[in-house]
Amino acid sequence: DTFPSLSTTINLLFSDNLRPLLLSLSSSMIGDLVFQLRTVLFSPLLLMVQSWDVVLCVCIRFLHQVSLILQSVENCQHFHQVWVELQDKCKKCFYQHQVECLTEVRAAYIDMWCKMVEAE
């Protein structure tokens, strides 16, 4: 089993000590975790999970923490604000705009992933 497995990624998503855990990892391991997150965010089954709003919130929290680490990386400085705004938006109007929130999170995820790949 290679790091990170999907179960490792999910365990990290729900960790109370996410930032210290991320800071202890290499940049390639963080990249692998972000890449694994696509399995969750783009799963056709996500919308069928009873509490998928919680899953989406922890994904946003994870990506926000990663964005804080990326602030010194060229073209990645703005992602901190992107995730803060998405977090606020999803908290305020998730139940009225569920699919829109998911679509925006997916788009921001892809944008951040592409910028991370370009920076490497």
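I started with α1 and the second largest pocket: α1 gives the most to its lining, with 3 residues. Note to self: this is a predicted model.

Next I checked which elements give two or more residues to that lining, and they are α1 (6-13) and α3. Then I wrote down the lining residues of the second largest pocket. From the start of the chain I have L6, I10, L13 and F14. The rest are T39, V40, S43, L45, L46, V49 and V55.

How big is the second largest pocket? I got a volume of about 160 Å³.

I also sorted its lining by class. The second largest pocket has 9 nonpolar residues and 2 polar ones, with no charged residues.

On to the largest pocket. I looked up its volume, which is about 290 Å³. Its lining has 13 residues, and I noted the ones closest to the centre: S27, G31, L70, M116 and E120.

Which elements give two or more residues to the lining of the largest pocket? I found α3 (27-41) and α6 (98-119). Of the elements, α3 gives the most, with 5 residues.

By class, I counted 8 nonpolar, 3 polar and 2 charged residues in the lining of the largest pocket. So much for the classes.

Last entry, putting the two side by side. I see α3 listed for the largest pocket, and α3 turns up again for the second largest pocket. Charged residues number 2 in the lining of the largest pocket, whereas the lining of the second largest pocket has none.

Technical notes: Residues are numbered from 1 along each chain as its sequence is written. This is a predicted model: local features need pLDDT of at least 70, side-chain atom pairs count only at pLDDT 80 or more; totals for chains, interfaces and linings use all residues. Side-chain values use heavy atoms; hydrogens and water are left out. On a 1 Å grid over the protein atoms alone, a cavity is a set of points where a 1.4 Å probe fits but cannot get out, and a pocket is an open set with protein on both sides within 12 Å along at least five of seven lines; lining residues have an atom within 4 Å of a point. Grid points are joined across faces, edges and corners, and a volume is the space filled by probe spheres set on the points. Helices (H or I, at least four residues) and strands (E, at least two) are DSSP runs, numbered from the N terminus. Ala, Val, Leu, Ile, Met, Phe, Trp, Tyr, Cys and Pro count as nonpolar, Asp, Glu, Lys and Arg as charged, and the others, Gly among them, as polar.
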